[in-house]
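Welcome! Have a look at the model below, and then let us walk through it together, one part at a time.

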Amino acid sequence: MPKNKGKGGKNRKRGKNEADDEKRELVFKEDGQEYAQVLRMLGNGRCETMCIDGTKRLCHIRGKMHKKVWIAAGDIILIGLRDYQDDKADVIFKYMPDEARLLKAYGELPENIRLNEGIGGLDEVDEGGADDYIEFEDEDIDKI
């Protein structure tokens, strides 16, 4: 039986990106790049996006990001446009939700775009929830 020469298995490889918690510099678009929002994931390292310029494009997730940066529907990404194919592009960068809010505040993203604020709006407080319960006094319960 061969001797193991590696430093661990797939669980060690999964834990490599632990240093992503610190703040990183905000990346703005340059020439040949565009902001886009992911409409749906297609599989095989591809996704369908709606660009800020109003064009739907098929985007390819580059190999450096593949299986390291997880992209889901609703995420704001930076794509590199192809000069020989206008309907296809390459994913360069994925913005975290707080970075996407900053881009919207700086005016880089239009106001009508809906940012993916998290799962099910856990941050929002339901104002109408207080009326769901009726409070009874002890003597009112005896009458029922």
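How many bridges join β2 to β3? Five bridges do so, and the two strands run antiparallel. Strands count as paired if DSSP finds at least two bridges between them. In β3, the bridge partner of M50 is K56.

Before going further, a word on the source: this is a predicted model, in which local features need pLDDT of at least 70, side-chain atom pairs count only at pLDDT 80 or more, and totals for chains, interfaces and linings use all residues. Residues are numbered from 1 along each chain as its sequence is written, and side-chain values use heavy atoms, with hydrogens and water left out.

**The overall plan**

The protein chain holds three helices and five strands. Helices (H or I, at least four residues) and strands (E, at least two) are DSSP runs, numbered from the N terminus. Read from the N terminus on, the elements follow the order α-β-β-β-β-β-α-α. Buried residues make up 25% of the 144 residues in the protein chain; here buried means under 20% relative accessible area, exposed means over 50%, and partly exposed lies in between (1.4 Å probe, protein chains only). The accessible surface of the protein chain comes to about 11,700 Å², and 48% of it belongs to carbon and sulfur atoms. Such areas come from the Shrake-Rupley method with a 1.4 Å probe, and for residues only the protein chains shown count as cover.

How far can the prediction be trusted? The pLDDT, which is the predictor's confidence in each residue from 0 to 100, averages 80 over the protein chain, and 69% of the residues score at least 70. Over residues 118-126, pLDDT stays under 50, and the model has one contact beyond four places in sequence for this stretch. Contact means heavy atoms within 4.5 Å.

**The barrel**

Five strands close into a barrel in the order β1-β2-β3-β5-β4, with mixed pairing. From one strand to the next, the twist averages 50°; the axes are lines fitted to C-alpha atoms, for helices over the stretch in contact, and angles run from 0 to 180 degrees between N-to-C directions. Some of the antiparallel pairs are set out here.

| Strand pair | Bridges | One pair of partners |
|---|---|---|
| β1 and β2 | six bridges | V38 and T49 |
| β1 and β4 | five bridges | Q37 and I76 |
| β4 and β5 | five bridges | L81 and A89 |

Besides Q37, β1 offers E34, whose bridge partner in β4 is I79. The hairpin of β1 and β2 has two residues between the strands, and N44 takes a positive phi near 60° there. Another hairpin joins β4 to β5 through six residues.

Is strand β4 largely enclosed or open? Five of the six residues of β4 (residues 76-81) are buried, so this strand is largely enclosed by the rest of the structure.

**The nonpolar cores**

A nonpolar core is a set of buried Ala, Val, Leu, Ile, Met, Phe, Trp, Tyr and Cys residues joined through side-chain atoms within 4.5 Å. The largest one has 12 residues, including A36, C47, I61, I77 and V91. Two or more residues of this core come from each of β1, β2 (46-51), β3 (56-61), β4 and β5. Apart from it lies another core, of 11 residues, among them L26, L78, F93 and L115. Leaving aside neighbours within four places in sequence, V91 is in contact with C47, C59, H60, I61, R62, M65, I71, I77, L78 and I79.

**Residues that meet across the chain**

E99 lies in helix α2 (residues 97-105) and is buried, with a relative accessible area of 6%. Beyond its neighbours within four places in sequence, E99 is in contact with R24, L26, F93 and K94. R24 itself is found in the loop between α1 (10-14) and β1 and is partly exposed, at 39% relative accessible area. The C-alpha atoms of R24 and E99 are separated by 9.3 Å, although the two are 75 residues apart along the chain.

A73 gives another such case: this residue is found in the loop between β3 and β4 and counts as partly exposed at 41% relative accessibility. A73 and C47 are 26 residues apart in sequence and 8.6 Å apart in space, C-alpha to C-alpha. In the protein chain, residues 24 or more positions apart account for 51% of the contacts with a separation of 6 or more.
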